[in-house]
Amino acid sequence: MTTPGRRPPTPLRLLRAAHPDKLHAWHGSCSHLTYLEHPLNKEEMIVMNLTMASYHVIRVEEAGKAGLEKGVLYLNTKDLQGLVLSDDRITDMHLEIAYPGEETRIVHILDAMEPRIKPEQQARCFPGFLGLPTTVGAGRTNRLAGTAVIATAATVLLPSGQGTGVQEFNEGVIDMSGPGQSRCACSDTINICLCMTFRENLSTLDFDEAARMALIKVSDRIAEVTLDRQPDEETVYKTGVIDPDLPNVAYINQVQSQGHICRTFLYAMPMEGFFTPTILDPTELFDGAVVSGNYRNHLRTCTWLQQNNPYVLELFRRHGKECNFVGQVVSRGHYDDLGTKIRSGNFVAKLAAHLKAHAAVLSLEGTGNSNVDYMATVKALENSGIVAVPVVHEFGGPGGDEEPLFDFAEEAVSVVSGGGIDRRIELPPMKRVIGGDSIRFTNSTSYNKSFDPHQPYTAIAHFFFCGFRSLQNHGWRCEEY
Amino acid sequence: MIKVIHYMNQFGAGFGSEDKADMALGSFDGPKGAGIAFQGFFGDRAVIVKTIYAGDNYANEFKEDFLNEAMEIIRAVKPDVLLAGPAFNSGRYGLACGSLLKRAKEEFGVPGVAGFGPDNPGIAEYKKDCYGILTGAAANSMRQAIAPMAGLALKLGGGETPGPARQEGYIPRGIRLNVYTGKSSAVRATEMALARVAGQKWETELPRVVYDKVAPPAPLADLSKATIALVSEGGVVPLGNPDHMETNNSTKWRPYALSGDELTPGAFEVRHGGYLTQDVTKCPDRMVPYDALRTLEKQGIIGKAHPEMLSASGSMANLSTMQRLGREMGIYLKQKAVDAVLLTAT
């Protein structure tokens, strides 16, 4: 899988320097124009073909000048501060770096992203947030492998403890070592933490937008160091039928989007409301087509996990060898009633059939109510003759002897267990805490009590950043005893 | 040396069959009947110090006497583990084995292993309270039952916690615990999908969950004489949340007195983590429609609007916890002579 006849990439930074006024015009080109300018032939225009260039990072240091030398990523702190503080909704920002294995706990997390940039000018990562929503997932993307940029807020200016339901900030921590490490996202990356202070009395809308844009801009700026360098590794990703004798497998990515603060963006557009399931090339995820604005930290899929979606990576790993990875359908849960849930499930099945899938692997962001949409999707897929393998997180109580799920389709005959979310574990104290001095959870185990995040505590999956999904990703499951 | 007590019924202990089913509890020193085969498996790793026996009728009809007498022996001997049966498909025998192992575990924390045939009612009743080994239907499958029962007893008697049911071979007890597989869900899901498409064997990691079906009660004879109460999982609580009602994963419900003709805006807040609550905060009647209920009362369509709401948050709650809440609410409302409830949810 190589790319023929490629125009040599023009570093975005040089383009920006040379034609600052034209940048908008480039990003503003609508997608068919972009394709006309694209060097690939017509056949390849239709199927996404992305070269992912990985630059491995083994250490991160703050410096006066940005750079990348022998795996050491240098951050220009002043430049990044200027970038973040150019938004007057943010009053202060300093960096903290955390390494896997350290006795460090990161709290007050708003989102995490992997620094990525597209060196060619046609499209930018995080489309719609940076530039217009030009189609991504093709061409070339540079990534700083082994890192994450994590936004934290000294005071989380989201309604909290005021009875505001789903629009409540849910604490979800990252433990860089100990038993929590295998239960949260971004615990095995070098974490560049943007510790931000926000202006007081911001609306939640402003807070949310400022936090996300700061993270996106910093991720983009940090990734610029790759632009004039050779990558350590290149991988070409392209979906489709490689071998007609292999089974076709699709990925169904059900996200959570229930409104402001509990939201997922697709090309910068919220997915709640009248959103109907749609096809998204898996490579578009790599380029930040799906961004998490979901502050329900325990059950969310953060942006880093969509950029590095483990289901997409696993299906690509077997692509052309054991199966044809034919594509992805994105859907959401929490439709208003049974009819709209069934409708959504049927649309997913129809799109999977259009992808000519024989089987589908499904993942779920959300819980409870969204589980009904999820099961409706499984039912529709199986009834369309498509093998459905949903991954679920289980309830079951601390002892694991209560009901594991609230809704179960009898068609769900091949379910993967992602572990029980309310089984308890003991966490050790941590020497260093990044992000804030006190944390507070909203569930029944430690209802609404603030405490010092250095201290040890008894945790369930609700306590961790992307806690539900991370049990699954790290390889936990429930076994019957 | 691991100390074992073995329980058998009148037949297993060699006294006779149905004609001896009424015999009271007694005991021997050392193994007897199937116990001799267990002891053979143990060798010098464990010793059956006592054999307890009782008639099946006695064990079931005089259950408390049976259990108390058995516990006295267990208290004196202090065994590390108990063996019971195998009972095969004998129903009363199976129930006796299960009840004895359950009580011993509760009183002394002594674990136990029982042998049950596939149709033994002891499985459904006691699978959570002991380790059951699935045996054949009748005593002619005794030989096959010895090694798995004795093997598991050795493990338990030695203080080990047995692994998952499908590895250790005992009957699943309905307890699901987290284990680390070393393979992400993405890998396992893809492998399962490919196995199914290829027509190979696969094993679901979560067997189908079947839920209770609740039969609706008879309709109200006369709505105009009925007292109607409002029950909601929408998390509406008095301002300040005096009972510390939880937002998610909640464990309790509370009754709150209502007065006037509506839920006064500003007097309530919402503790619920699962929906956009602003509209309900602004107008709590839209979750708990007391205004509508009072109107119906004034119009004579219903007899009486019960002046309380029963409130809980259903967000990310456990089903069995919610079943408990429902039962408790039912008992409470019966005491208040409520005839029907209007149940509003999110």
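Student: What makes β2(A) and β4(A), residues 72-76 of chain A, count as paired strands, and in which sense do they pair?

Tutor: In this predicted model, β2(A) and β4(A) pair in the parallel sense over five bridges. Two strands count as paired if there are at least two bridges between them, and five bridges are found here, so the pair meets the definition. One position along the pairing is Glu62(A), which stands opposite Leu75(A) in β4(A).

Student: Why are β2 (59-63) and β3 (67-69) of chain A called edge strands?

Tutor: The three strands form an open sheet in the order β2-β4-β3 of chain A, with mixed pairing. The strands β2 and β3 of chain A each pair on one side only, and they are the edge strands. Neighbouring strands of this sheet are turned by 20° against each other on average, with direction ignored. Helix α5 of chain A, residues 77-85, packs on the sheet, where α5 touches β2 and β4 of chain A and its direction makes about 55° with that of β4(A).

Student: Why is α10(A) called oblique to α11(A)?

Tutor: Two packed helices are described by the angle between their axes and the distance between the axes. Helix α10 (residues 338-354) and helix α11 (residues 369-383) of chain A pack at an angle of about 45°, with their axes 8 Å apart. That angle makes α10(A) oblique to α11(A), because angles under 35 degrees count as roughly parallel and those from 65 to 115 as roughly perpendicular, and about 45° falls in neither range. The crossing of α10(A) and α11(A) is right-handed.

Student: Which residues make this contact, and how do they divide by type?

Tutor: Among them are Ile342(A), Val348(A) and Ala352(A) of α10(A), together with Val372(A), Ala376(A) and Leu381(A) of α11(A). The residues of the contact of α10(A) with α11(A) divide into eight nonpolar, four polar and three charged.

Student: How do you know that β28(A) and β7(B) pair, although they belong to chain A and chain B?

Tutor: Strand β28 of chain A, residues 476-480, and β7(B) pair in the antiparallel sense over five bridges, and because at least two bridges are needed, they count as a pair. Within this pairing, Trp476(A) stands opposite Tyr180(B) in β7(B).

Student: How many residues does each chain give to the contact, and which element of chain B gives the most?

Tutor: The contact takes 57 residues from chain B and 66 residues from chain A. On the side of chain B that touches chain A, α8(B) gives the most, with eleven residues, and the residues of that side divide into 22 nonpolar, 23 polar and twelve charged.

How values were computed: Residues are numbered from 1 along each chain as its sequence is written. Chains are lettered from A and ligands numbered from 1 in the order in which they are written. This is a predicted model: local features need pLDDT of at least 70, side-chain atom pairs count only at pLDDT 80 or more; totals for chains, interfaces and linings use all residues. Helices (H or I, at least four residues) and strands (E, at least two) are DSSP runs, numbered from the N terminus. Axes are lines fitted to C-alpha atoms, for helices over the stretch in contact, and angles run from 0 to 180 degrees between N-to-C directions. Two residues are in contact if their C-beta atoms, placed from the backbone, lie within 7 Å. Angles under 35 degrees count as roughly parallel, over 145 as roughly antiparallel, 65 to 115 as roughly perpendicular and the rest as oblique. A crossing is left-handed if the near helix is turned anticlockwise from the far one by less than a right angle, and right-handed if clockwise. Ala, Val, Leu, Ile, Met, Phe, Trp, Tyr, Cys and Pro count as nonpolar, Asp, Glu, Lys and Arg as charged, and the others, Gly among them, as polar.
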